Amino acid sequence: MARVRLSVAERREELLRAAVEQIEARGVAAVRIADVASALGVSNALVLYHFSSKEQLVAAAFAHAAEGDLAHLRRLLGRRSSAVRRLRAAVRWYAPTGQAKGWRLWIEGWAASLRDPGLRRVSASLDREWKAALTRVIAEGAAAGEFRCADPAAAAWRLTAFLDGLAVQTTAYAGSLSRTAMLRWADAALARELNLPDENGGEGESEGRDRSEDESESRDRSEDESESRDRSEDDGIDFGESTDTVRGGDDAPSVT
(Lines give C-alpha, C1' and ligand atoms only; values in the text may rest on other atoms or scores of the structure.)
Protein backbone atom coordinates (compact mmCIF):
# COMPACT_ATOMS: atom_id res chain seq x y z
CA MET A 1 0.00 0.00 0.00
CA ALA A 2 1.38 3.39 -1.01
CA ARG A 3 2.20 5.77 1.83
CA VAL A 4 0.08 8.88 2.13
CA ARG A 5 2.03 11.94 1.09
CA LEU A 6 2.54 14.15 4.13
CA SER A 7 3.33 17.81 4.36
CA VAL A 8 6.73 18.83 5.72
CA ALA A 9 5.17 19.68 9.10
CA GLU A 10 3.25 16.40 9.25
CA ARG A 11 6.31 14.35 8.30
CA ARG A 12 8.42 16.13 10.91
CA GLU A 13 5.76 15.42 13.55
CA GLU A 14 5.70 11.74 12.55
CA LEU A 15 9.47 11.49 12.78
CA LEU A 16 9.55 13.14 16.19
CA ARG A 17 6.93 10.77 17.58
CA ALA A 18 8.86 7.79 16.29
CA ALA A 19 12.11 9.19 17.69
CA VAL A 20 10.61 9.56 21.17
CA GLU A 21 9.35 5.97 21.03
CA GLN A 22 12.76 4.69 19.98
CA ILE A 23 14.58 6.73 22.63
CA GLU A 24 12.27 5.31 25.30
CA ALA A 25 12.79 1.78 24.02
CA ARG A 26 16.56 1.89 23.36
CA GLY A 27 17.99 4.85 25.26
CA VAL A 28 19.69 7.93 23.85
CA ALA A 29 23.11 6.31 23.43
CA ALA A 30 21.85 3.27 21.54
CA VAL A 31 19.18 4.78 19.32
CA ARG A 32 20.13 5.24 15.63
CA ILE A 33 18.71 7.13 12.69
CA ALA A 34 18.10 3.70 11.16
CA ASP A 35 15.87 2.71 14.10
CA VAL A 36 13.59 5.69 13.53
CA ALA A 37 13.52 5.12 9.78
CA SER A 38 12.76 1.42 10.20
CA ALA A 39 9.93 2.08 12.66
CA LEU A 40 8.18 4.19 10.01
CA GLY A 41 9.20 2.20 6.96
CA VAL A 42 11.10 5.12 5.42
CA SER A 43 14.69 5.61 4.34
CA ASN A 44 17.53 6.93 6.47
CA ALA A 45 17.89 9.70 3.89
CA LEU A 46 14.37 10.93 4.58
CA VAL A 47 15.09 11.24 8.30
CA LEU A 48 18.35 13.05 7.56
CA TYR A 49 16.55 15.39 5.18
CA HIS A 50 14.54 16.73 8.12
CA PHE A 51 17.22 16.33 10.81
CA SER A 52 20.81 16.57 9.69
CA SER A 53 22.22 14.41 12.49
CA LYS A 54 21.21 12.04 15.24
CA GLU A 55 22.03 14.74 17.80
CA GLN A 56 19.67 17.19 16.13
CA LEU A 57 16.91 14.58 15.96
CA VAL A 58 17.29 13.63 19.63
CA ALA A 59 17.24 17.25 20.79
CA ALA A 60 14.14 17.95 18.67
CA ALA A 61 12.43 14.81 20.01
CA PHE A 62 12.97 15.91 23.60
CA ALA A 63 11.69 19.40 22.78
CA HIS A 64 8.61 17.80 21.19
CA ALA A 65 7.88 15.70 24.29
CA ALA A 66 8.57 18.67 26.57
CA GLU A 67 6.16 20.98 24.80
CA GLY A 68 3.31 18.53 25.34
CA ASP A 69 4.03 18.46 29.06
CA LEU A 70 4.36 22.22 29.29
CA ALA A 71 1.06 22.71 27.50
CA HIS A 72 -0.61 20.43 30.04
CA LEU A 73 1.06 22.24 32.94
CA ARG A 74 -0.25 25.55 31.60
CA ARG A 75 -3.77 24.11 31.51
CA LEU A 76 -3.48 22.89 35.10
CA LEU A 77 -2.14 26.20 36.39
CA GLY A 78 -4.56 28.24 34.32
CA ARG A 79 -7.72 26.83 35.89
CA ARG A 80 -10.19 29.08 37.65
CA SER A 81 -9.55 27.79 41.14
CA SER A 82 -7.41 28.63 44.13
CA ALA A 83 -3.65 28.76 43.75
CA VAL A 84 -3.32 25.96 46.31
CA ARG A 85 -5.55 23.63 44.30
CA ARG A 86 -3.76 24.42 41.05
CA LEU A 87 -0.37 23.87 42.63
CA ARG A 88 -1.45 20.63 44.25
CA ALA A 89 -2.74 19.32 40.91
CA ALA A 90 0.50 20.33 39.17
CA VAL A 91 2.75 18.78 41.82
CA ARG A 92 0.80 15.51 41.82
CA TRP A 93 0.91 15.38 38.03
CA TYR A 94 4.64 16.19 37.91
CA ALA A 95 5.52 13.73 40.65
CA PRO A 96 6.85 10.29 39.60
CA THR A 97 3.53 8.74 40.62
CA GLY A 98 1.59 11.04 38.31
CA GLN A 99 1.09 11.15 34.56
CA ALA A 100 3.73 13.73 33.75
CA LYS A 101 6.51 13.13 31.28
CA GLY A 102 7.95 9.61 31.06
CA TRP A 103 10.63 9.84 33.70
CA ARG A 104 12.89 7.24 32.13
CA LEU A 105 12.94 9.35 28.98
CA TRP A 106 13.88 12.50 30.86
CA ILE A 107 16.54 10.89 33.00
CA GLU A 108 18.08 9.59 29.77
CA GLY A 109 17.97 13.13 28.47
CA TRP A 110 19.62 14.61 31.54
CA ALA A 111 22.46 12.12 31.32
CA ALA A 112 22.97 12.65 27.59
CA SER A 113 22.86 16.44 27.95
CA LEU A 114 26.14 16.32 29.89
CA ARG A 115 27.82 15.56 26.56
CA ASP A 116 25.39 17.11 24.07
CA PRO A 117 25.16 20.95 24.10
CA GLY A 118 22.00 20.96 21.97
CA LEU A 119 20.17 18.61 24.28
CA ARG A 120 21.46 20.53 27.29
CA ARG A 121 19.87 23.71 25.93
CA VAL A 122 16.53 21.93 25.47
CA SER A 123 16.64 20.44 28.97
CA ALA A 124 17.63 23.74 30.58
CA SER A 125 14.86 25.60 28.74
CA LEU A 126 12.27 23.07 29.91
CA ASP A 127 13.52 23.34 33.48
CA ARG A 128 13.32 27.13 33.44
CA GLU A 129 9.77 27.08 32.07
CA TRP A 130 8.55 24.64 34.74
CA LYS A 131 10.09 26.71 37.52
CA ALA A 132 8.77 29.98 36.09
CA ALA A 133 5.22 28.59 35.78
CA LEU A 134 5.20 27.35 39.37
CA THR A 135 6.79 30.59 40.61
CA ARG A 136 4.04 32.69 39.06
CA VAL A 137 1.22 30.74 40.72
CA ILE A 138 3.01 30.61 44.09
CA ALA A 139 3.49 34.39 43.93
CA GLU A 140 -0.16 34.83 42.96
CA GLY A 141 -1.39 32.73 45.88
CA ALA A 142 0.87 34.53 48.35
CA ALA A 143 -0.30 37.92 47.10
CA ALA A 144 -3.92 36.81 47.49
CA GLY A 145 -3.29 35.76 51.09
CA GLU A 146 -3.94 32.05 50.51
CA PHE A 147 -0.63 31.13 52.13
CA ARG A 148 2.72 32.60 53.15
CA CYS A 149 5.77 32.28 50.91
CA ALA A 150 8.53 34.87 51.11
CA ASP A 151 10.45 33.62 48.06
CA PRO A 152 8.24 31.95 45.39
CA ALA A 153 11.17 31.33 43.04
CA ALA A 154 13.15 29.51 45.72
CA ALA A 155 10.08 27.48 46.64
CA ALA A 156 9.63 26.44 43.00
CA TRP A 157 13.29 25.41 42.82
CA ARG A 158 13.06 23.32 45.96
CA LEU A 159 9.83 21.64 44.88
CA THR A 160 11.10 20.65 41.45
CA ALA A 161 14.44 19.51 42.86
CA PHE A 162 12.63 17.32 45.39
CA LEU A 163 10.36 15.78 42.76
CA ASP A 164 13.19 15.29 40.29
CA GLY A 165 15.18 13.52 43.00
CA LEU A 166 12.27 11.23 43.82
CA ALA A 167 11.92 10.43 40.13
CA VAL A 168 15.57 9.43 39.82
CA GLN A 169 15.38 7.25 42.92
CA THR A 170 12.17 5.49 41.97
CA THR A 171 13.30 4.95 38.39
CA ALA A 172 16.66 3.51 39.42
CA TYR A 173 15.20 1.48 42.31
CA ALA A 174 11.74 0.46 41.17
CA GLY A 175 9.42 -0.62 43.97
CA SER A 176 11.35 1.18 46.70
CA LEU A 177 8.30 3.29 47.64
CA SER A 178 4.57 2.81 47.24
CA ARG A 179 2.43 5.16 45.18
CA THR A 180 0.57 6.20 48.34
CA ALA A 181 3.81 7.23 50.05
CA MET A 182 4.99 9.15 47.02
CA LEU A 183 1.80 11.19 46.79
CA ARG A 184 1.88 11.85 50.53
CA TRP A 185 5.45 13.11 50.32
CA ALA A 186 4.64 15.33 47.31
CA ASP A 187 1.67 16.89 49.13
CA ALA A 188 3.75 17.38 52.28
CA ALA A 189 6.56 19.08 50.34
CA LEU A 190 4.07 21.53 48.83
CA ALA A 191 2.53 22.19 52.25
CA ARG A 192 5.97 22.99 53.71
CA GLU A 193 6.81 25.43 50.94
CA LEU A 194 3.47 27.23 51.30
CA ASN A 195 3.49 27.17 55.12
CA LEU A 196 0.25 25.18 55.12
CA PRO A 197 -0.74 22.59 57.72
CA ASP A 198 0.22 19.11 56.55
CA GLU A 199 -3.01 17.27 55.82
CA ASN A 200 -1.15 13.97 56.00
CA GLY A 201 -0.55 14.16 59.70
CA GLY A 202 0.41 17.70 60.61
CA GLU A 203 -1.95 20.32 61.93
CA GLY A 204 -4.93 18.91 60.12
CA GLU A 205 -5.54 21.03 57.06
CA SER A 206 -8.07 18.44 55.97
CA GLU A 207 -10.35 19.51 58.81
CA GLY A 208 -10.53 22.98 57.29
CA ARG A 209 -11.31 21.81 53.78
CA ASP A 210 -14.87 21.01 52.94
CA ARG A 211 -15.97 17.85 51.20
CA SER A 212 -16.91 19.58 47.97
CA GLU A 213 -13.34 20.83 47.48
CA ASP A 214 -11.90 17.37 48.05
CA GLU A 215 -14.34 15.84 45.58
CA SER A 216 -13.60 18.55 43.02
CA GLU A 217 -9.85 17.94 43.32
CA SER A 218 -10.43 14.23 42.84
CA ARG A 219 -12.41 14.92 39.69
CA ASP A 220 -9.68 17.27 38.45
CA ARG A 221 -7.02 14.60 38.97
CA SER A 222 -9.10 12.01 37.15
CA GLU A 223 -9.57 14.38 34.23
CA ASP A 224 -5.86 15.18 34.17
CA GLU A 225 -4.88 11.52 34.11
CA SER A 226 -7.43 10.72 31.43
CA GLU A 227 -6.31 13.65 29.29
CA SER A 228 -2.67 12.74 29.72
CA ARG A 229 -3.33 9.12 28.77
CA ASP A 230 -5.24 10.27 25.69
CA ARG A 231 -2.38 12.54 24.68
CA SER A 232 0.22 9.83 25.21
CA GLU A 233 -1.76 7.40 23.08
CA ASP A 234 -2.10 10.01 20.34
CA ASP A 235 1.61 10.77 20.41
CA GLY A 236 2.67 7.15 20.60
CA ILE A 237 4.37 7.84 23.93
CA ASP A 238 3.80 5.80 27.05
CA PHE A 239 3.36 8.33 29.84
CA GLY A 240 1.26 5.98 31.95
CA GLU A 241 1.85 2.78 33.83
CA SER A 242 4.54 0.28 33.03
CA THR A 243 5.90 -2.76 34.77
CA ASP A 244 9.15 -1.07 35.74
CA THR A 245 7.86 2.21 37.08
CA VAL A 246 6.35 3.63 40.23
CA ARG A 247 3.14 4.61 38.48
CA GLY A 248 0.96 1.64 39.27
CA GLY A 249 -1.46 0.96 42.09
CA ASP A 250 -1.00 2.03 45.66
CA ASP A 251 1.48 -0.72 46.45
CA ALA A 252 2.36 -1.98 43.00
CA PRO A 253 5.80 -0.86 41.94
CA SER A 254 5.46 0.40 38.52
CA VAL A 255 8.52 5.53 36.01
CA THR A 256 8.10 5.07 32.29
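This briefing walks through the helices of one protein chain and a few of its residues. The model is predicted. The chain has 11 helices and 0 strands, and 48% of its 256 residues count as buried. Helix α6 is a good place to start, and from there we can visit some helix pairs and a loop residue.

**The whole chain**

- Reading along the sequence, you meet the pattern α-α-α-α-α-α-α-α-α-α-α.
- About 12600 Å² of the chain is exposed, and carbon and sulfur atoms supply 50% of that area.

**Helix α6 and what covers it**

- Helix α6 spans residues 103-113, and its buried residues are W103, L105, W106, G109, A112 and S113.
- Which helices help to cover the buried residues of α6? They include α1 (8-26), α4 (54-77), α5 (83-94), α7 (117-143) and α8 (152-172).
- When you look at a helix like this, a handy rule is that an α-helix has 3.6 residues a turn, so residues three or four places apart point the same way.

**Two residues of α6: S113 and W110**

- S113 has its place in helix α6. Is S113 buried or exposed? Its relative accessible area is 7%, which is under the 20% cut-off, so S113 is buried.
- Setting aside neighbours within four places in sequence, S113 is in contact with L119 and R120.
- W110 also lies in helix α6. Its relative accessible area is 25%; because this falls between the cut-offs of 20% and 50%, W110 is partly exposed.
- What does W110 touch, if residues up to four places away in sequence are not counted? W110 touches W103, S123, D164 and V168.
- From W110 to V122 there are 12 residues in sequence and 10.0 Å in space, going from C-alpha to C-alpha.

**How α6 meets α7**

- Two packed helices are described by the angle between their axes and the distance between the axes.
- The axes of α6 and α7 come within 8 Å and cross at roughly 125 degrees. An angle over 115 degrees but not over 145 falls outside the other groups, so α6 is oblique to α7.
- The crossing in which α6 passes α7 is left-handed.
- On the α6 side the meeting residues are W106, G109, W110, A112 and S113, and on the α7 side they are L119, R120, S123 and L126.
- By class, this contact of α6 with α7 divides into 5 nonpolar, 3 polar and 1 charged residues.

**How α5 meets α7**

- The axes of α5 and α7 come within 9 Å and cross at roughly 155 degrees. Why are these two helices called roughly antiparallel? Angles over 145 degrees count that way, and therefore α5 and α7 are roughly antiparallel to each other.
- The crossing of α5 and α7 is left-handed.
- Helix α5 brings A83, R86, L87, A90, W93 and Y94 to the contact, while α7 brings W130, L134, V137, I138, E140 and G141.
- Sorted by class, the contact of α5 with α7 has 9 nonpolar, 1 polar and 2 charged residues.

**How α4 meets α5**

- The axes of α4 and α5 come within 8 Å, and they cross at roughly 155 degrees. That angle is over 145 degrees, so α4 is roughly antiparallel to α5.
- From α4, the residues making the contact are D69, H72, L73, L76 and L77; from α5, they are R86, L87, A89, A90 and W93.
- How many residues of each class does the contact of α4 with α5 have? The contact has 7 nonpolar, 1 polar and 2 charged residues.

**A loop residue: N195**

- Where does N195 lie? N195 lies in the loop between α9 (179-193) and α10 (205-208).
- The phi angle of N195 is near 55 degrees, a positive value in a residue other than glycine.
- N195 has a relative accessibility of 43%; because this is between 20% and 50%, N195 counts as partly exposed.
- Not counting residues up to four places away in sequence, N195 touches R148 and C149.
- N195 and F147 are 48 residues apart in sequence, and their C-alpha atoms are 6.4 Å apart in space.

How values were computed:
Residues are numbered from 1 along each chain as its sequence is written. This is a predicted model: local features need pLDDT of at least 70, side-chain atom pairs count only at pLDDT 80 or more; totals for chains, interfaces and linings use all residues. Side-chain values use heavy atoms; hydrogens and water are left out. Buried means under 20% relative accessible area, exposed over 50%, partly exposed in between (1.4 Å probe, protein chains only). Helices (H or I, at least four residues) and strands (E, at least two) are DSSP runs, numbered from the N terminus. Contact means heavy atoms within 4.5 Å. Accessible areas come from the Shrake-Rupley method with a 1.4 Å probe; for residues, only the protein chains shown count as cover. Axes are lines fitted to C-alpha atoms, for helices over the stretch in contact, and angles run from 0 to 180 degrees between N-to-C directions. Angles under 35 degrees count as roughly parallel, over 145 as roughly antiparallel, 65 to 115 as roughly perpendicular and the rest as oblique. Ala, Val, Leu, Ile, Met, Phe, Trp, Tyr, Cys and Pro count as nonpolar, Asp, Glu, Lys and Arg as charged, and the others, Gly among them, as polar. A crossing is left-handed if the near helix is turned anticlockwise from the far one by less than a right angle, and right-handed if clockwise.
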